[in-house]
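Welcome! Open the model in your viewer, keep the selection tool at hand, and take the stops below in order.

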Amino acid sequence: MENPEWITPSIDRNDLLALVAQRCPGAEFRNNSLYYPEQDLKIRLEFGQMNQVENRFSVQLIFLLQHPWFDEELVESCAGLGHDPDQAMKNGTEGFCDGVLQFVLKALRSQGSEIMHSEIMGEAHDFYLPDEKPVLHRGTNTQGTDLWEIVKHEIPAYLGTKRCYWIKLYSSRIHETPVCEVRINNTVYPDLTDLLMKEAFKKPEIRMDKQFLLLIQKEETFRPCPFEKQDVGQLAFMALDRMLAITDEASQQKIFHEIHTLCPDYSIAAELTAFLPEICAQIILNFRDNDSLIPVINYGKPEFELKKSQVRSYGYMEDAVEQYLRKMQPSQEDILHIVRISARFEVLVKALHDNTPIENLCMSQLVYFVNEQYHVW
């Protein structure tokens with residue numbers, strides 16, 4: 001745990017996991033983690049920072065949930081506040097149990113009665129919705145806001161081929177400007193977040209609302225993916241290494257051809273060459289991106305729109321780029337070789353030239369070109 005030397009909590013990881021097991025029964029200890037055999041769910045706990053401001057303590061607790069249906073860990077970062085370090089950690093742990101874990105356990109234990117339908121390139125995917133969608137509310141009034149009701153009509157367009165999608169909704173207003181966030185499988189989606197922001201501005205009172213939902217795809221419409229996150233990560237590192245050598249259009253075509261040759265699947269190769277430059281540009285320049293992707297087949301007319309959450313490799317590549325920048329530490333000049341081939345590069349350069357704040361840009365959907373072999377996973 002990263003905290004000043006004078007902050008010395010008397011409880012440790014196992015004490016907090018024991019509190020989880022007490023609050024949400026059915027778990028057993030396994031190698032410094034909790035395991036729920038009925039749901040086949042494993043929970044680990046990591047510590048973030050602990051701070052003290054006057055006589056109040058705050059701590060960041062990071063719970064990581066693993067399940068065979070999750071293609072990546074469900075990560076829940078919980079802030080705990082208290083009059084001493086122990087109380088802060090206990091409050092954060094209880095918040096995790098009440099706001100997330102109990103609903104994950106219920107969803108994995110039983111199927112919901114309501115179905116949400118999604119479709120990708122003519123292929124149907126049906127998801128069970130949880131029967132209970134309670135709002136965790138704090139504020140000057142007694143009535144919480146049902147955040148799910150605000151966004152639910154848009155959610156089908158964000159569901160893809162994965163077995164599970166976890167949706168975290170947050171809206172608060174303490175100061176003049178509300179703070180809102182919609183996350184799907186740990187990624188923030190600005191267009192969905194705008195819906196919560198619009199509603200939050202209508203309510204001036206001090207408030208905080210949270211909702212968590214786990215959506216599980218029906219066995220009948222689920223298709224196992226032929227690759228894993230680690231596979232895409234390794235291919236992304238390979239592709240980034242080669243893209244650093246791009247200096248002109250001729251070298252770009254040559255290197256993109258190499259990437260296609262080295263990839264075992266056409267669709268992944270097409271997504272690597274289309275997405276990696278855009279992800280690098282977004283991470284380096286930190287502009288607000290659009291939620292949508294538009295694949296164009298054989299340079300024809302766009303036939304459909306996808307959301308990034310529907311194309312599983314996009315999130316895998318975002319993680320890979322962040323790891324690549326952290327581990328490989330390419331120079332600014334090298335990484336600009338990749339950013340320059342971004343479809344948005346000219347727009348970004350013009351904004352910088354015109355002294356337009358990057359955060360004020362409204363990016364359009366990302367268009368990328370594929371052939372008839374392209375398949376969305």
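How many aromatic pairs does the structure hold? In this predicted model, there are nine aromatic pairs.

**Stop 1: a pair of tyrosines**

Select Tyr 158 and Tyr 189 and show their side chains. The ring centres are 5.5 Å apart and the planes meet at 80°, so this pair is edge-to-face. Now colour the chain around them: Tyr 158 lies in the loop between H3 and strand S9 (164-173), and Tyr 189 in the loop between strand S11 (187-188) and H4, so the pair ties together parts that are 31 residues apart in sequence. Are these two tyrosines buried or exposed? Both Tyr 158 and Tyr 189 are buried.

**Stop 2: an aromatic cluster**

Next, select Tyr 368 and Tyr 374. They make an edge-to-face aromatic pair as well, with 5.8 Å from centre to centre and 85° between the planes. Tyr 368 is buried at a relative accessible area of 2%, and Tyr 374 also counts as buried, at 5%. Add Phe 275 and Tyr 314 to the selection, and you have one aromatic cluster made up of these residues together with Tyr 368 and Tyr 374.

**Stop 3: an arginine over two rings**

Select Arg 163, then Trp 69 and Phe 222. Which ring faces does Arg 163 lie over? One is the face of Trp 69, where Arg 163 is at 4.2 Å from the ring centre. Another is the face of Phe 222, with Arg 163 at 5.1 Å from that ring centre.

**Stop 4: the largest cavity**

Rolling a probe the size of a water molecule over the atoms shows where empty space is left. Here the structure holds two cavities of 30 Å³ or more. The largest has a volume of about 60 Å³. To find it, select Thr 145, Leu 147, Ile 150, Ser 171, Leu 196, Glu 199, Ala 200, Lys 203, Arg 207 and Asp 209, which line it. Helix H4 (190-200) is a good guide, as it provides the largest share of this lining, three residues. By character, the lining has four nonpolar, two polar and four charged residues.

**Stop 5: the second largest cavity**

Finish by selecting Phe 227, Ser 267, Ile 268, Glu 271, Val 311, Arg 312, Ser 313, His 375 and Trp 377, the lining of the second largest cavity. Its volume is about 40 Å³. Helix H7 (266-285) and helix H8 (312-328) each supply at least two of the lining residues, and H7 gives the most, with three. Four of the lining residues are nonpolar, three polar and two charged.

Key: Residues numbered from 1 in each chain as written. Predicted model: local features only at pLDDT ≥ 70, side-chain atom pairs only at ≥ 80, totals over all residues. Heavy atoms only, no water. 1 Å grid on protein atoms, 1.4 Å probe; cavity = no way out; pocket = protein on both sides within 12 Å on 5 of 7 lines; lining within 4 Å. Points joined across faces, edges and corners; volume = space filled by probe spheres on them. Helix = DSSP H or I, 4+ residues; strand = E, 2+ residues; numbered from the N terminus. Nonpolar A, V, L, I, M, F, W, Y, C, P; charged D, E, K, R; others polar. Phe/Tyr/Trp six-rings, centres within 6.5 Å; stacked < 30°, edge-to-face > 60°. Buried < 20%, exposed > 50% of the residue type's maximum accessible area, 1.4 Å probe, protein only. Lys NZ or Arg CZ within 6 Å of the ring centre and 35° of its normal.
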